[in-house]
Number of protein chains: 2
Amino acid sequence: MIVTDSEQSAAKICADWRAEGLSIGFVPTMGALHRGHESLVELASSSSDRVVVSIFVNPSQFGPSEDLDSYPRTLEEDCNKVRELGASLVFAPKADAVYSSGFSTGVSVSNVSDGLCGAFRRGHFDGVTTVCAVLFGIVRPDRAVFGMKDAQQVAVIKRMVSDLRLGIEIIAAPIVRESDGLALSSRNQYLSFEERQQASTISTALRNASDLALSGEKSCKVIKNAFLVALEHSDLLRVQYVETVDPDTMIGVETTEKRVLLAVAVFAGKTRLIDNILIESEV
Amino acid sequence: MIVTDSEQSAAKICADWRAEGLSIGFVPTMGALHRGHESLVELASSSSDRVVVSIFVNPSQFGPSEDLDSYPRTLEEDCNKVRELGASLVFAPKADAVYSSGFSTGVSVSNVSDGLCGAFRRGHFDGVTTVCAVLFGIVRPDRAVFGMKDAQQVAVIKRMVSDLRLGIEIIAAPIVRESDGLALSSRNQYLSFEERQQASTISTALRNASDLALSGEKSCKVIKNAFLVALEHSDLLRVQYVETVDPDTMIGVETTEKRVLLAVAVFAGKTRLIDNILIESEV
């Protein structure tokens, strides 16, 4: 496995693979890799001849009051993990190489990115789409794998790829969870013991709300309220949003008659966690 | 030569060429082709195995009070012209095919697009960069040719291609002029006889202002003023802007010690004309 911070090297290696007729699967990450990321690498590996993992803590997708400086950076461990999973290339560029002198281009996706996390993290998705467009330009993968924990990100990236005719298959990988249900996240390591204990309530409450829908409840309002009630006794948790949306467009829906994504953002202390569950009621 | 409005057909044809190892030169146009466009097709043809011309009057690059509805549409003549010049494919899509249902992505370039035409045509360059990104995604050319009459457009597109690592060579073709100096433009046909007569003053005044610099004048203020004075007696002309800028960044410059682009927008009656000249003083 090759590890490089050089864009020219990464682009050349990928171009050579393409010229040899090898397909490329791409997993863009911000590092601090956990089993969730590992599942993405495995999915890329099973569908492509070569797997490229980028590790880049992208400044432009953090807000001014967010955790850019404290975001965990563990490059060596990250490389060891993806090496074992069969990745062929880790591309870990410096910020000033990605946003080189005079960089002035922004790629933004409206509508899909307006609600949910987009409403609370101004500019976040512009940062995500722009850096993904740049990384896609360097790697030129056949497919890219993203985790469904960031369901809105998946929808936004799919929209961009479709609109700009990038010709990249976007694979959405299932959420990987701890044994008590907490969705894996690089930010979970910020949690205190008590916050970590209470945080498991989020996934339990999501599952229970989903079960309510599957047992016949059609009102999204009732389902969202069930989630809120389930968190009431967790004094370290504070709900930022709970929404029921169309999983492709992220437009809010009121009934469970079609596929509905129940998506939430919850603060555990100062740590912001997101999670979601897809509700596919039988009609 | 193939003429198609089908994106799928155009993309397939171009993909087949690439698979055969043939290079693709691309000339994106809004149709109403004149000798200026023809020079672009010739340049593309001399540098590439296959030439693709797109003809698409892009609604999103027109302002609400601009000439989208009256913009000349002459598809059949356009096709005849580029066929004779050796184009292999004309891609003339419908607007609702380019901006298909749910289209939500915007590509924008700041800084380079802020001044000159960008300051007077709000949203214009966002429309240009977005549609070019889409067309580049469909055609995937090795190089694309743009005319230097739209000097700011050339700089904006170069910036986008560099930032998004599109790997497309952008060729800037010299301005083609009528015998009296007027830069060719599809909008020249809007001009009345008197407006057309006075419009030639624009290029004469540009050339004279440039000569002033070449004969030793270093102050851009003096040079810009010379342009304004030269137009004073043309009662049908109204200057919208006259600027001296760095030709790559479009940042204003005050002296002619480096390469300077003298760029102007002038209304002849209701018709907005642009023109420019590159001043390369010997230092």
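Two residues are in contact here if their C-beta atoms, placed from the backbone, lie within 7 Å. With that in mind, here are some close-up views of this predicted model.

**Figure 1. The contact between chain A and chain B in the predicted model.** Let us start where the two chains meet. Chain A brings 20 residues to the contact, and chain B brings 20 residues as well. On the chain A side, three elements each supply at least two residues: β5 (105-109), α6 (124-139) and α7 (151-163). Which of them gives the largest share? That is β5(A), with five residues. Sorted by class, the side of chain A that touches chain B holds ten nonpolar, seven polar and three charged residues. Every one of the interface residues of chain A (100%) is also an interface residue in chain B, so the copies meet through the same surface. As for confidence, the model scores ipTM 0.95 and pTM 0.96, while chain A has a mean pLDDT of 96, with 99% of its residues at 70 or more.

**Figure 2. Strand β5 of chain A beside strand β5 of chain B.** Zoom in on the two strands and you can follow the pairing across the contact. Five bridges join β5(A) to β5(B), residues 105-109 of chain B, and the two strands run antiparallel. One pair to look for is V109(A), whose bridge partner in β5(B) is T105(B). In a regular strand the side chains alternate between the two faces of the sheet. You can trace this along β5(A): T105(A), V107(A) and V109(A) point one way, and G106(A) and S108(A) point the other way. Are these residues buried or exposed? All are buried, and β5(A) is accordingly described as mostly covered, with five of its five residues buried.

**Figure 3. The rotation axis that relates the two chains.** Two copies of a chain are related by a rotation about an axis and a shift along it. In this model, a rotation of 180 degrees with 0.0 Å of shift along its axis superposes chain A on chain B, at an RMSD of 0.0 Å. That is the relation of a two-fold axis. Which residue of chain A comes closest to the rotation axis? Look for V107(A), whose C-alpha is at 2.3 Å from it. You have met V107(A) already, as one of the buried residues of β5(A).

**Figure 4. Helix α6 of chain A and the residue just after it.** Helix α6(A) is another of the elements that supply residues to the side of chain A that touches chain B. Its 16 residues should span 22 Å at 1.5 Å a residue, and this agrees with its end C-alpha atoms, which are 22 Å apart. Of those 16 residues, 14 are buried, so α6(A) is largely enclosed by the rest of the structure. Just after the helix, find R140(A), which takes a positive phi of about 50 degrees.

**Figure 5. M250 in its loop, in chain A and in chain B.** Most residues other than glycine have a negative phi, and most peptide bonds are trans. M250(A) is worth a look for its phi near 65 degrees, a positive value in a residue other than glycine. Where is M250(A) found? Its place is the loop between β8 (237-245) and β9 (260-268) of chain A. A residue is buried if 20 or more other C-beta atoms lie within 10 Å of its own; M250(A) has 23 such neighbours inside 10 Å, so it counts as buried. Turning to the other chain, M250(B) has a positive phi of about 65 degrees although it is not a glycine. M250(B) sits in the loop between β8 (237-245) and β9 (260-268) of chain B, and with 23 C-beta neighbours inside 10 Å it counts as buried.

**Figure 6. Strands β2 and β3 of chain A, and S65(A) in the loop after β3.** Strand β2(A), residues 24-29, is mostly covered, with six of its six residues buried. On one side are I24(A), F26(A) and P28(A), and on the other G25(A), V27(A) and T29(A). β2(A) pairs with β3(A) in the parallel sense over six bridges, and P28(A) stands opposite S54(A) in β3(A). Follow the chain to the loop between β3 (50-55) and α3 (75-84) and you reach S65(A). Having 6 C-beta neighbours inside 10 Å, S65(A) counts as exposed. The C-alpha atoms of S65(A) and G216(A) are separated by 42 Å, and these residues are 151 residues apart along the chain.

Terms used. Residues are numbered from 1 along each chain as its sequence is written. Chains are lettered from A and ligands numbered from 1 in the order in which they are written. This is a predicted model: local features need pLDDT of at least 70, side-chain atom pairs count only at pLDDT 80 or more; totals for chains, interfaces and linings use all residues. Helices (H or I, at least four residues) and strands (E, at least two) are DSSP runs, numbered from the N terminus. Ala, Val, Leu, Ile, Met, Phe, Trp, Tyr, Cys and Pro count as nonpolar, Asp, Glu, Lys and Arg as charged, and the others, Gly among them, as polar. Two strands pair if DSSP finds at least two bridges between them. Copies are superposed by least squares on the C-alpha atoms of residues with pLDDT of at least 70 in both. The expected span of a helix is 1.5 Å times one less than its number of residues. A residue is buried if 20 or more other C-beta atoms lie within 10 Å of its own, exposed if 12 or fewer, and partly exposed in between; C-beta atoms are placed from the backbone. pLDDT is the predictor's confidence in each residue, from 0 to 100.
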